[in-house]
Amino acid sequence: MSAEAGGIRSNLIQELFWTRTGLLLLILIVTSGASLAISSQMDSGAARNFLTAVGTGTLISAVVSFTQTLITSKAAQKALLAPVIEESRKALNELTQEYRALDREFFPSHVFEPTAKPDPVFNQLMMQDLERTRLYCFRGFAGRYAAGRVLLSQTECELRAVLADPRDDNAISGRARYLLRNEGADGDYDEIQKKLKEQIGIGLVGLYAARSRCSRIDVTIISDPPLDRLELFDDSAWLTLYSNTAGVLRPYPRTLRFTESSFLYAMERAEFLRISNSKAGYHFVITPGTSRDDFLALFEKITGETLTNDGYVELLEKFHAFRREFSASAQLRS
């Protein structure tokens, strides 16, 4: 939108002829022309001299008046119109800044549509956010992606993860229903639940494998995790919408990125801290000094299943196979 003056009378000459001053100048010019024309047809004498004097004087008055009016109008335009234009520009700039502030507060900085395979642009931008963060908060299902990203990162951070309880079928049902809709009529709900429980085991082993890349890993196991996955960094929040069932479903749902200055970032951070500090969940810590025996005991307490050394090695191989496949698909450094 422009704040420049415009319209029918867009310059000084047009402005003059749309006013009473312009009409007066026109009368003077007509009078002068008529007097000079009549006097040129008359014989020498007092009458001719009088008409010539009237015509010449009127013409001079018209020229002087026109010049004076032109200068006065230009000065008036600068004195009156220019401040209005400047105020309009200022108001428009303030309004634009306000809308931009609202955009930063309530609208995502990036929107990634659903895909069948990992989106390289999506994952590379998220890895850039991870490289700059000191605290990485992950609220999801199994934690495989969080562990994989930490192993691919070049920097050390503190990781907090909120995961689903594998012993509670209700904690798994939301993700199972989403995957079942992707598989269509041939999907087997029980088989999907079995795979999801295995993914949680793989994710736990992956987090243990990533312990040396973190100062500490705080894990909270809850029985009612939100359907949407949240990945929170120091300057951004990524929300993956597994709850969005509209449109075409894909294995990798629609994801929104919000900046640190947004309202949703503050809201999601507060909600994450509330859940991770809640007494309702089961909390444990993995540090670089956590031994394998300690982890195997934790694994049994979380899943209710005893994990042998051979079982641990098998899950670790599955995790690294997942990490290599994911990093190759997302075009990340493996």
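The following conversation concerns helix packing and internal spaces in a predicted model.

Biologist: What kind of model is this, and which pLDDT limits apply?

Modeller: It is a predicted model, in which local features need pLDDT of at least 70 and side-chain atom pairs count only at pLDDT 80 or more, while totals for chains, interfaces and linings use all residues. Residues are numbered from 1 along each chain as its sequence is written, and side-chain values use heavy atoms, with hydrogens and water left out.

Biologist: What is the volume of the largest pocket?

Modeller: The largest pocket has a volume of about 760 Å³. A pocket is an open set of points on a 1 Å grid over the protein atoms alone, with protein on both sides within 12 Å along at least five of seven lines. Grid points are joined across faces, edges and corners, and the volume is the space filled by probe spheres set on the points.

Biologist: Which residues lie nearest its centre?

Modeller: R144, Y145, L179, Q199 and Y252 do, out of 26 lining residues; a lining residue has an atom within 4 Å of a point. The elements giving two or more residues to this lining are α5, α6 (169-183), α7 (189-209) and α10 (309-329). The largest share, six residues, comes from α7. Helices here are DSSP runs of H or I with at least four residues, numbered from the N terminus.

Biologist: And how does that lining divide by residue class?

Modeller: It holds 14 nonpolar, five polar and seven charged residues. Ala, Val, Leu, Ile, Met, Phe, Trp, Tyr, Cys and Pro count as nonpolar, Asp, Glu, Lys and Arg as charged, and the others, Gly among them, as polar.

Biologist: On to packing. At what angle do α7 and α10 cross?

Modeller: Their axes come within 9 Å and cross at roughly 90°, which makes α7 roughly perpendicular to α10. Axes are lines fitted to C-alpha atoms, for helices over the stretch in contact, and angles run from 0 to 180 degrees between N-to-C directions. Angles under 35 degrees count as roughly parallel, over 145 as roughly antiparallel, 65 to 115 as roughly perpendicular and the rest as oblique.

Biologist: What about α6 and α7?

Modeller: The axes of α6 and α7 come within 9 Å and cross at roughly 120°, and the two helices are therefore oblique to each other. Contact means heavy atoms within 4.5 Å. On the α6 side the contact includes D169, R175 and L179, and on the α7 side Y189 and K197 are among the residues met. The residues of this contact divide into seven nonpolar, two polar and five charged.

Biologist: Where do α4 and α5 fit in?

Modeller: Helix α4 (residues 120-132) and helix α5 (residues 144-152) have axes that come within 10 Å and cross at roughly 65°. They are therefore roughly perpendicular to each other. The contact is made by F122, N123, M126, M127, L130 and E131 of α4 and R149, V150 and L152 of α5.

Biologist: How many cavities are there of 30 Å³ or more?

Modeller: The count comes to one; a cavity is a set of points where a 1.4 Å probe fits but cannot get out. The largest cavity has a volume of about 160 Å³. Its lining comprises 16 residues, of which T115, F122, Y252, P253 and T255 lie nearest the centre. The elements giving two or more residues to that lining are α4 and α5.

Biologist: Which classes line the cavity?

Modeller: Seven nonpolar, four polar and five charged residues line the largest cavity.
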